[in-house]
Amino acid sequence: IQTRPAACVPVPSASLVLSATRLSPPCRAPSIHGLLSACGLEMAMSVLSSTKIWERCEVLRREGKGLLEQAATYRRSKRPSLAHPDLTKLKQKLEKSYPEVPDLSKFQGPGIEIAAKKAGEIVMEHQPLFDLMLDAMAYQQEVLSTIQALPSLITFMKLDQCSQAVVYFMDLLVDYLKFYLVMSMIEEPQAALALYNHAHNHAKHFIPEETRSIYMFMSRFEKPLLQVPEDLQPVSEAVGTVLHELQETISTAFDTEKLRQKNALNPLEEGLAMVLPT
């Protein structure tokens with residue numbers, strides 16, 4: 001029995017999935033009669049659940065890849081306002097007060113005039129970060145809820161009985177950690193968003209209503225290697241089960257003597273058909 005359907009309707013856009021709680025339209029799954037006659041009700045429910053799991057995981061993985069590309073693009077971009085020497089004091093004061101807007105009536109220095117003159121440029125400079133944070137909040141909530149729901153949807157958390165669904169589960173775990181690590185590598189996000197808020201308020205006369213939510217969300221990336229295990233605590237038993245299943249494979253992958261015995265490290269003998277540890 002294959003847990004991954006052979007054909008599927010087109011996957012909906014990530015934004016549609018992240019804005020709705022329901023799953024995307026179902027893929028063409030094996031017939032109920034065929035599943036019941038082949039392996040009984042319990043296994044049939046596992047396979048049908050895997051069909052829905054595949055849909056959601058595929059969309060979330062695409063969305064995660066897009067977010068990582070957004071973050072990489074922003075990190076490579078030039079951000080002159082963060083390095084402008086005349087904006088240093090203003091940036092520090094705004095960052096210290098973020099997400100609130102400080103009273104700048106007694107602030108001295110050229111920063112106020114420069115920030116006002118370049119308000120439009122500063123908004124455009126940091127708009128990608130603001131948008132990234134909004135997308136990241138939606139993605140994080142959706143991925144975490146899916147990861148926490150998967151163990152209850154997969155009847156058999158066993159590689160030999162429901163392997164593809166277990167692979168989806170582990171793929172999402174890896175994507176979730178990668179997402180945290182990449183987001184934590186963005187330099188001076190609070191200073192950038194504080195400047196963005198100040199410039200936005202000057203140019204458009206209001207502060208984005210999502211500011212406080214973004215501020216609370218950003219704190220999750222300060223210590224990603226502590227935050228991720230905390231998030232995944234509810235599924236630790238399921239993760240442990242899968243790792244136990246993979247124990248022998250992982251052990252073999254790091255044992256060069258065993259690999260030589262299996263000819264896995266003998267390219268002269270096996271060439272392109274050589275078995276590689278994965």
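## The nonpolar core

A nonpolar core is a set of buried Ala, Val, Leu, Ile, Met, Phe, Trp, Tyr and Cys residues joined through side-chain atoms within 4.5 Å. This structure is a predicted model. Its largest nonpolar core has 55 residues. Ile147, Phe179 and Met183 have the most contacts inside that core.

Many helices feed the core. The elements that give two or more residues are α2 (32-76), α4 (88-97), α5 (111-117), α6, α7 (159-184), α8 (189-204), α9 (211-218) and α11 (236-253). Helix α6 gives the most, with 14 residues. Met183 shows what such a position touches. Neighbours within four places in sequence aside, Met183 is in contact with Ala71, Leu132, Met133, Ala136 and Phe221.

## His126 in helix α6

Helix α6 spans residues 119-153 and holds His126. Is His126 buried or exposed? The relative accessible area of His126 is 0%, so the residue is buried, the cut-off being under 20%.

Which side chains make polar contacts with the side chain of His126? One is the side chain of Tyr74, at 3.0 Å. Another is the side chain of Ser81, at 2.8 Å. The contact list of His126, leaving aside neighbours within four places in sequence, is Tyr74, Arg79, Ser81, Leu82, Ala192 and Tyr196. Two of these, Ala192 and Tyr196, are among the buried residues of α8. Arg79 is buried too, with a relative accessible area of 13%.

## Pro151 in helix α6

Pro151 also lies in helix α6. Its relative accessibility is 24%, so Pro151 counts as partly exposed. Pro151 and Glu237 are 86 residues apart in sequence. In space, their C-alpha atoms are 9.2 Å apart.

## Salt bridges across the chain

Side chains of opposite charge can pair when their charged atoms come close. How many salt bridges does a search of the whole structure find? The search finds nine.

Asp171 and Arg61 form one of them, with an N to O distance of 3.2 Å. This pair links distant parts of the chain. Asp171 sits in helix α7 and Arg61 in helix α2, 110 residues apart. Asp171 is partly exposed at 25% relative accessibility. Arg61 is partly exposed as well, with a relative accessible area of 35%. The pairing extends to a third residue: a network of salt bridges links Arg61, Asp171 and Asp175.

## Salt bridges from the α7-α8 loop

The loop between α7 and α8 supplies Glu187 and Glu188 to salt bridges. Glu187 pairs with Arg79, and their closest N and O atoms are 3.4 Å apart. Arg79 lies in the loop between α2 and α3 (80-83), so this salt bridge ties together parts 108 residues apart in sequence. Glu187 is partly exposed at 41% relative accessibility. Arg79, by contrast, is buried at 13%. Arg79 is also one of the residues in contact with His126.

Glu188 pairs with Lys91, the closest N and O atoms being 3.1 Å apart. Lys91 belongs to helix α4, so this pair ties the α7-α8 loop to a part of the chain 97 residues away in sequence. Lys91 is buried at 9% relative accessibility. Glu188 is partly exposed at 36%.

## Helix α8

Helix α8 has 16 residues. From first C-alpha to last, α8 reaches 21 Å. That is close to the 22 Å expected at 1.5 Å a residue. The buried residues in α8 include Ala191, Ala192, Leu193, Ala194, Leu195, Tyr196, Asn197, His198, Ala199 and His200. Just after α8, His205 takes a positive phi of about 65°.

## Two sides of helix α10

Which residues of helix α10 (residues 224-231) are buried? They are Pro224, Gln227, Val228 and Asp231. Why do they count as lying on the same side of α10? They cover an arc of only 100° around the axis, which puts them there together. On the other side of α10, Leu225, Leu226 and Glu230 are exposed.

How values were computed:
Residues numbered from 1 in each chain as written. Predicted model: local features only at pLDDT ≥ 70, side-chain atom pairs only at ≥ 80, totals over all residues. Heavy atoms only, no water. Helix = DSSP H or I, 4+ residues; strand = E, 2+ residues; numbered from the N terminus. Buried < 20%, exposed > 50% of the residue type's maximum accessible area, 1.4 Å probe, protein only. Polar contact = N/O pair within 3.5 Å; in protein donor to acceptor, adjacent residues only side chain to side chain. Contact = heavy atoms within 4.5 Å. Salt bridge = Lys/Arg side-chain N within 4 Å of Asp/Glu carboxyl O. Arc of directions from axis to C-beta. Expected span 1.5 Å × (residues − 1).
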